Every structure is written in structure tokens, then in C-alpha cells.
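Q: Please take a close look at one helix in this model. Then follow its surroundings outward, residue by residue.

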Amino acid sequence: MPAKAPKFLIDVSLGVVATQWLKDNFEDVVAVRDVDLRMLDHSILAWAVEENRIVITLDKDFGELVYRNNLEHRGILLLRLESETGLRKIEVLSFILNQYLDSLSNSFCVYQNGRIRISSQ
């Protein structure tokens, strides 16, 4: 039986272009920007846990929420691509999701400088 495709919750920080690419290429993607542009990070995490979604973000504050505050999550993909274009973000997402999709659930993943670090909790 094939593994069930993951569900994603996209933080505002990812940007419009990469968010739309995810919506176009994955079955179950919701974007914070479609609900509340000012939603607080802990509320985003709670929403993701409730709906069993992996959060995709550029916001480093999620690391603090998970590691310092011990907040529950279903997976975080933190992209350190703050000054990159939408097209570059899509290239990176395509690479990560093609190579590491099965490792993202319930893991804290950080992509930076061409490398990905995956920490299971």
C-alpha cells in the first residue's frame, strides 16, 4: 500500500510564488495567507498539529517554539532562503520534496547552503 501523501501548511514567509507552486503540485496544501496574514506562530503550529500538517516556513522562530518551548508539531521544514527569489525557492522545494518527502513528517528539517539537516523528535 503506498504511503499517504503528506499535508502541508504554508507560512506567509514562503511567499506567493512558491506557495502557489506547492498548491499546484501537491494534493493537500493550505496557506496561512489565505486565512490570516498576522496569525501567530504558535497558532500556526496548533493548526498544523490539529490537521496533521507539515509546516513549511522561512521563519526561524519555529525552531525556538519547538526546541525551547517544547511545542508539539507534525513536521517543520525551515528554509533558510530569506533573500532568494520565488523561482529559487521552488527549485529548493522541488529538490527537497523529491529527495526527502518521506522524512519530513514529525521531523524538524532545516535547509541551508545546499544542505538539509533532518532531526527526528
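**Helix H4 and its surroundings**

A: In this predicted model, helix H4 buries Lys-89, Ile-90, Val-92, Leu-93, Ile-96 and Leu-97. These residues lie on the same side of H4, because they span an arc of only 165° around the axis. An α-helix has 3.6 residues a turn, so positions three or four places apart point the same way. The face turned away from the buried side carries exposed Leu-87, Asn-98 and Gln-99.

H4 runs over residues 86-100 and has 15 residues. From first C-alpha to last, H4 reaches 20 Å, close to the expected 21 Å.

What lies over the buried side? The cover includes helix H1 (16-25) and strands E1 (7-10), E3 (53-57), E4 (76-79), E5 (107-112) and E6 (115-120).

Take strand E3 from that cover. Arg-53 lies in E3. Its relative accessibility is 5%, so Arg-53 counts as buried. Arg-53 and Phe-8 are 45 residues apart in sequence, yet 4.8 Å apart C-alpha to C-alpha. Beyond its neighbours within four places in sequence, Arg-53 is in contact with several residues, among them Lys-7, Phe-8, Leu-9, Val-29, Ala-48 and Arg-74.

Now its charged partners. The side chains of Arg-53 and Asp-28 share a polar contact of 2.8 Å. Arg-53 also meets Glu-51 in a salt bridge, at 2.7 Å from N to O. Glu-51 is partly exposed, with a relative accessible area of 27%. Elsewhere, Glu-82 forms a salt bridge with Arg-80, their closest N and O atoms 3.2 Å apart. Shared partners join Asp-28, Glu-51 and Arg-53 into one salt-bridge network. The count of salt bridges comes to seven.

Helix H1, also in the cover of H4, has a salt bridge of its own. Lys-23 and Asp-34 pair through their side chains at 2.5 Å, N to O. The pair links distant parts of the chain: Lys-23 sits in H1, and Asp-34 in the loop between strand E2 (29-31) and helix H2 (41-50), eleven residues apart. Asp-34 counts as exposed, at 51% relative accessibility. Lys-23 is partly exposed at 28%.

Past E3 comes Asp-59, in the loop between E3 and helix H3 (61-67). Asp-59 is buried but has no salt bridge. The nearest side chain of opposite charge belongs to Lys-60, 7.4 Å away. The Asp-59 side chain reaches the backbone nitrogen of Asp-61 at 2.8 Å. Setting aside residues up to four places away in sequence, Asp-59 touches Asp-11, Ser-13, Asp-41 and Leu-78.

Notes
Residues numbered from 1 in each chain as written. Predicted model: local features only at pLDDT ≥ 70, side-chain atom pairs only at ≥ 80, totals over all residues. Heavy atoms only, no water. Helix = DSSP H or I, 4+ residues; strand = E, 2+ residues; numbered from the N terminus. Expected span 1.5 Å × (residues − 1). Buried < 20%, exposed > 50% of the residue type's maximum accessible area, 1.4 Å probe, protein only. Arc of directions from axis to C-beta. Contact = heavy atoms within 4.5 Å. Lys, Arg positive; Asp, Glu negative; His and termini not counted. Salt bridge = Lys/Arg side-chain N within 4 Å of Asp/Glu carboxyl O. Polar contact = N/O pair within 3.5 Å; in protein donor to acceptor, adjacent residues only side chain to side chain.
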